[in-house]
Amino acid sequence: MQPARDIIVVEGARGSHLDPSVQLQVGKGALAPLTAKWGVDATIPEGSDLSEYEAIAYPFADVAAGMDKPRPDRNIGPDALAAEIAAQLGAPRHFAEILKFFDDVPHRTIVQAWAILREADRLDREVKTGKYVLKKTSP
């Protein structure tokens, strides 16, 4: 891959209102958030000898293979789940660990519960590891 040849940048592409870096384009109708997007052509050149390339192993391929299987969703509200997440944060954890631990709960509910903890200013992060912990409360 050669950056000067294999990267394309498209300016003025439709973005998301969730991206704080987008510019809102004012025109007729609703505001359209505009941003730049880029793509990389990292494909094997046509006519290449494929034996020169090594096949990669995808991380978490075994997990992804099982994602098409239906999993039971536990019926729990965000408030109750926030309390359970708080209990899990007795030890430092990455957000991915929380998702894995609560794999029987819809991700939407996990994010809502996480927002409850964040809005209550109960979350803190370890500087060295980036793992989440509960803020220490003063007596």
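The legends below accompany an overall view and several close-up views of a predicted model.

**Figure 1. Overall view of the predicted model and the order of its secondary structure elements.** The protein contains 5 helices and 5 strands, and read from the N terminus these elements follow the order α-β-β-β-α-α-α-α-β-β. Of its 139 residues, 18% count as buried, while the accessible surface of the protein amounts to about 11300 Å², with 57% of that area belonging to carbon and sulfur atoms. When contacts between residues at least 6 apart in sequence are considered, 51% of them join residues that are at least 24 apart.

**Figure 2. Close-up of Val22 in the loop between β1 and β2.** Val22 is placed in the loop that runs between β1 (7-14) and β2 (23-25). With a relative accessibility of 16%, Val22 counts as buried, because the cut-off for a buried residue is under 20% relative accessible area. Leaving aside residues up to four places away in sequence, Val22 touches Ser16, Pro33, Leu34 and Thr35. The C-alpha atoms of Val22 and Gly12 are 9.7 Å apart in space, and the two residues are separated by 10 residues in sequence.

**Figure 3. Close-up of a nonpolar patch on the surface, with contributions from β1 and β3.** The patch is formed by Met1, Ile7, Val9, Trp38 and Val40, which together have about 510 Å² of accessible area. Strands β1 and β3 (32-40) each supply at least two residues of this patch. Trp38, which is placed in strand β3, is exposed, with a relative accessible area of 62%; it is assigned to this class because exposed means over 50% relative accessible area.

**Figure 4. Close-up of the aromatic pair formed by Phe95 and Trp114.** The structure holds 3 aromatic pairs. In one of them, Phe95 and Trp114 meet in an edge-to-face arrangement, with 4.8 Å from centre to centre and 75° between the planes. Phe95 belongs to helix α4 (residues 95-101) and Trp114 to helix α5, so the pair ties together parts of the protein that are 19 residues apart in sequence. The two partners fall into separate accessibility classes, since Phe95 is partly exposed, with a relative accessible area of 26%, whereas Trp114 is buried, with a relative accessible area of 7%. Phe95 and Trp114 also belong, together with Tyr132, to one aromatic cluster.

**Figure 5. Close-up of the aromatic pair formed by Phe101 and Phe102.** The rings of Phe101 and Phe102 are likewise arranged edge-to-face, with 4.9 Å from centre to centre and 80° between the planes. Phe101 is partly exposed, with a relative accessible area of 48%, whereas Phe102 counts as buried, at 1% relative accessibility.

**Figure 6. Close-up of Asp121 in the loop between α5 and β4.** The loop that holds Asp121 connects α5 (107-119) with β4 (123-125). The backbone of Asp121 has a positive phi of about 60°, although this residue is not a glycine.

How values were computed:
Residues are numbered from 1 along each chain as its sequence is written. This is a predicted model: local features need pLDDT of at least 70, side-chain atom pairs count only at pLDDT 80 or more; totals for chains, interfaces and linings use all residues. Side-chain values use heavy atoms; hydrogens and water are left out. Helices (H or I, at least four residues) and strands (E, at least two) are DSSP runs, numbered from the N terminus. Buried means under 20% relative accessible area, exposed over 50%, partly exposed in between (1.4 Å probe, protein chains only). Contact means heavy atoms within 4.5 Å. Accessible areas come from the Shrake-Rupley method with a 1.4 Å probe; for residues, only the protein chains shown count as cover. Patches are made of residues with over 30% relative accessible area and no salt bridge: like charges are joined within 9 Å, nonpolar side chains (Val, Leu, Ile, Met, Phe, Trp, Tyr) within 5 Å. A salt bridge is a side-chain nitrogen of Lys or Arg within 4 Å of a carboxyl oxygen of Asp or Glu. Rings of Phe, Tyr and Trp (its six-membered ring) pair if their centres lie within 6.5 Å; planes under 30 degrees apart count as stacked, over 60 as edge-to-face and the rest as tilted.
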